[in-house]
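Thank you all for coming; I would like to use these few minutes to talk about how some helices pack, and then about empty space inside the protein. Please have the structure open while I speak.

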Amino acid sequence: MEGFLPVSRADMKACGWDQLDFVFVSGDAYVDHPSFGPAIICRVLESHGYKVGIIPQPDWRSVRDFSRLGKPRLGFPFLEELCRHHISGQLKIAPEHISDRVTRLMGKSNKKTYLTFVKRFASINARLGKRQYLVPYFLSSHPGAELEDAVELAVFLHEMGYHPEQVQDFIPTPGTLATCMYYTGLDPLTGEHVYTAKSREEKGMQRALMQYWLPQNREIVRKALRLAHREDLIGYGSKCLVCPADTHPKRKRQKPRKKVQL
C-alpha cells in the first residue's frame with residue numbers, strides 16, 4: 001500500500017504506525033486524486049507531518065467499522081475544519097427523516113446519530129466563538145414512511161423548534177433503490193414488503209404534518225392525527241401540534257357605519 005493512505009490496521013502496520021493523528025471518514029470511495037476532496041484534505045495534513053488514515057464508505061450501522069483504524073491521537077478533523085473555515089453562517093444538511101424504519105430504508109443514519117451531530121456541531125462552534133446554524137432538509141412520503149412515521153417526524157420538529165419553510169415530497173427518480181421500492185413494493189436488498197403512500201390525500205397529510213403550524217394545514221393535520229390515533233397532540237398544551245377545530249360559526253363582518261353630521 002505504499003503511496004496510499006492507510007485504510008486498515010494492516011496498512012498502518014506496513015507504515016510502521018501504531019496510532020494515527022487524524023482519521024478522515026468519507027461517504028465516497030477512496031480515490032487518491034486531487035479532484036477528490038477527501039484525498040486533498042488528507043494529503044495536506046500529511047504534508048504537515050501528521051499521520052493520517054481514511055475510512056471510506058463505512059457501514060453507519062456498525063460502530064466497529066468506524067473504529068477500524070483505532071482512536072486517533074488528535075481527532076477527526078473534518079467537522080472542525082468545516083466550521084472554522086467553510087461555513088458562512090448556515091450549514092445545510094439532509095437527515096431527511098428521523099423514524100428508524102424510514103432511515104433504515106433510506107440508508108441514512110438514525111435520529112440518535114443526527115442528534116449527536118447537532119450536539120457536536122454546537123460544541124465546536126461554541127469553542128470557536130462562532131454563531132452558526134444547521135438547516136436540515138426533510139422528506140415526506142418516502143417508501144416505508146407510514147402516517148405514524150410522519151407524526152413522529154412532526155413531533156420531532158416541534159421538540160427541536162424547527163419550522164421548515166420548504167418541504168419536499170418524495171419523487172421517484174430512475175436508478176435509485178427508493179424508486180425500486182416505490183414501484184415494486186419491495187426492498188430489493190432484503191425482499192421485505194415496503195409500504196408507500198401513493199394516494200393524494202395521504203401524501204398531502206404527510207407533507208402538511210411537516211408544516212403543522214400553518215393555518216391552512218390545521219384541518220388536514222387534525223385529520224391525520226385522528227387517523228394515527230394521536231388525539232393527544234390536538235389541544236392547547238405545550239406538546240400539542242394543533243388546536244381543536246373552532247366550533248363557533250364565523251360572524252359576518254359588519255360594515256362600518258357611515259358618519260352623519262347633525
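Helix H7, residues 147-160, and helix H9, residues 200-209, have axes that come within 8 Å of each other and cross at roughly 15°, and H7 and H9 are therefore roughly parallel to each other. I should say at once that this is a predicted model, so please take every value I quote as computed from it. The crossing in which H7 passes H9 is left-handed. On the H7 side the contact is made by Leu-147, Ala-150, Val-151 and Ala-154, and on the H9 side by Glu-202, Met-205, Gln-206 and Leu-209. Sorted by class, the residues where H7 meets H9 are six nonpolar, one polar and one charged.

Let me stay with H9, and turn to its packing with helix H10, residues 218-227, where the angle is about 105° and the axes lie 9 Å apart. An angle from 65 to 115 degrees counts as roughly perpendicular, and H9 and H10 are therefore placed in that class. H9 contributes Glu-201, Gly-204, Met-205, Ala-208 and Leu-209 to this contact, while H10 contributes Ile-220, Val-221, Lys-223, Ala-224, Leu-225 and Leu-227. By class, the contact of H9 with H10 divides into eight nonpolar, one polar and two charged residues. If you are following on the screen, please look at Met-205 and Leu-209, which are listed for H9 in its contact with H7 and are listed again in its contact with H10.

The next pair is helix H4, residues 78-85, and helix H6, residues 111-128, which pack at an angle of about 50° with their axes 10 Å apart, and that angle makes H4 oblique to H6. The crossing of these two, H4 and H6, is right-handed. From H4 the contact takes in Leu-79, Glu-80, Cys-83 and Arg-84, and from H6 it takes in Phe-117, Arg-120, Phe-121, Ile-124, Asn-125, Arg-127 and Leu-128. In the contact of H4 with H6 there are six nonpolar, one polar and four charged residues.

Finally, the empty space: how many cavities of 30 Å³ or more does a search of the whole structure find? The search finds one, and the volume of the largest cavity is about 50 Å³. Its lining is formed by Ser-26, Asp-28, Ala-29, Tyr-30, Val-31, Phe-36, Pro-38, Ala-39 and Ile-54, and by class that lining has seven nonpolar residues, one polar and one charged.

Notes:
Residues are numbered from 1 along each chain as its sequence is written. This is a predicted model: local features need pLDDT of at least 70, side-chain atom pairs count only at pLDDT 80 or more; totals for chains, interfaces and linings use all residues. Side-chain values use heavy atoms; hydrogens and water are left out. Axes are lines fitted to C-alpha atoms, for helices over the stretch in contact, and angles run from 0 to 180 degrees between N-to-C directions. Helices (H or I, at least four residues) and strands (E, at least two) are DSSP runs, numbered from the N terminus. Angles under 35 degrees count as roughly parallel, over 145 as roughly antiparallel, 65 to 115 as roughly perpendicular and the rest as oblique. A crossing is left-handed if the near helix is turned anticlockwise from the far one by less than a right angle, and right-handed if clockwise. Contact means heavy atoms within 4.5 Å. Ala, Val, Leu, Ile, Met, Phe, Trp, Tyr, Cys and Pro count as nonpolar, Asp, Glu, Lys and Arg as charged, and the others, Gly among them, as polar. On a 1 Å grid over the protein atoms alone, a cavity is a set of points where a 1.4 Å probe fits but cannot get out, and a pocket is an open set with protein on both sides within 12 Å along at least five of seven lines; lining residues have an atom within 4 Å of a point. Grid points are joined across faces, edges and corners, and a volume is the space filled by probe spheres set on the points.
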